[in-house]
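Let's walk through this model together, starting with a group of aromatic rings and then moving out to the helices around them.

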Amino acid sequence: GDVFGARLGGVARGDIEYDADAVKANAQVLSTLINMPWVGFADGREGGKASDKIWSNKDDFNKKAQASMDAVAELEKAAESGDLAKFKQAFAGVGQSCKSCHDSYREK
């Protein structure tokens, strides 16, 4: 939430002045973070805030997880380009991919 929503989101919304180096650094952090949660969704790890639908729709869940990782990789490339418009477009893609999975599989 802090890296994506506050730091990068603030730039995407125009609340924080665009600093290419800071965006690049935060995109790199997000690239690390996006790979961390998936171990928690291995067989035998049911429960928590995750919906039971994850386990019965594992292929779809895995597709959505991969889409999020791919979107973050695109965000990192856009951040490295130094192009604010590319960054904003890639940022929106990450938001859409994360929302798709959360809407389907996160318990409220």
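## Aromatic rings

In this predicted model, Trp 38, Phe 41, Phe 61 and Tyr 105 are joined by ring pairs into a cluster. Counting pairs whose ring centres lie within 6.5 Å, the total comes to six aromatic pairs. One of them is made by Trp 38 and Phe 41: the ring centres are 6.1 Å apart and the planes meet at 40°, so this pair is tilted. An angle counts as tilted when it is neither under 30 degrees, which would be stacked, nor over 60, which would be edge-to-face. As for its surroundings, Trp 38 has a relative accessibility of 22% and therefore counts as partly exposed.

A further tilted pair is formed by Phe 87 and Phe 91, with 6.0 Å from centre to centre and 45° between the planes. Both residues belong to helix H5 (residues 84–105), where they sit four residues apart, about one turn of the helix. Are these two rings buried or exposed? Phe 87 has 0% relative accessibility, so Phe 87 counts as buried. Phe 91, at 13%, counts as buried too, because the cut-off for buried is under 20%.

## How H1 meets H5

The two phenylalanines of that pair also take part in a helix contact, so H5 is a handy place to continue. Helix H1 (residues 2–13) packs with H5 at an angle of about 140°, and the axes are 10 Å apart. The two helices are therefore oblique to each other, since only angles over 145 count as roughly antiparallel. Their crossing is left-handed.

On the H1 side, the contact is made by Phe 4, Leu 8, Gly 9, Val 11 and Ala 12. H5 contributes Leu 84, Phe 87, Lys 88, Phe 91, Val 94 and Gly 95. Sorted by class, the contact of H1 with H5 has eight nonpolar, two polar and one charged residues.

## How H2 meets H4

What angle do the axes of H2 and H4 make where they cross? The axes of helix H2 (residues 20–33) and H4 cross at roughly 160° and come within 9 Å. That makes H2 roughly antiparallel to H4. The crossing of H2 and H4 is left-handed.

From H2, the residues in this contact are Val 23, Lys 24, Ala 27, Gln 28, Leu 30 and Ser 31. They meet Val 72, Leu 75, Glu 76, Ala 79 and Glu 80 in H4. By class, the contact of H2 with H4 has six nonpolar, two polar and three charged residues.

## A buried serine in H4

Helix H4 (residues 58–81) also holds Ser 68. With a relative accessibility of 3%, Ser 68 counts as buried. Leaving aside residues up to four places away in sequence, Ser 68 touches Ile 34, Ser 97 and Cys 98.

## The chain as a whole

Stepping back, the chain has five helices and zero strands, and its elements run α-α-α-α-α from the N terminus on. The C-alpha atoms fill a box of roughly 45 × 25 × 20 Å along the principal axes.

Of the 108 residues in the chain, 33% are buried. Among contacts with a separation of 6 or more, 60% come from residues 24 or more positions apart.

Methods
Residues numbered from 1 in each chain as written. Predicted model: local features only at pLDDT ≥ 70, side-chain atom pairs only at ≥ 80, totals over all residues. Heavy atoms only, no water. Buried < 20%, exposed > 50% of the residue type's maximum accessible area, 1.4 Å probe, protein only. Contact = heavy atoms within 4.5 Å. Axes fitted to C-alpha atoms, helices over the stretch in contact; angles between N-to-C directions. Parallel < 35°, antiparallel > 145°, perpendicular 65-115°, else oblique. Left-handed = near helix turned anticlockwise from the far one by under 90°. Nonpolar A, V, L, I, M, F, W, Y, C, P; charged D, E, K, R; others polar.
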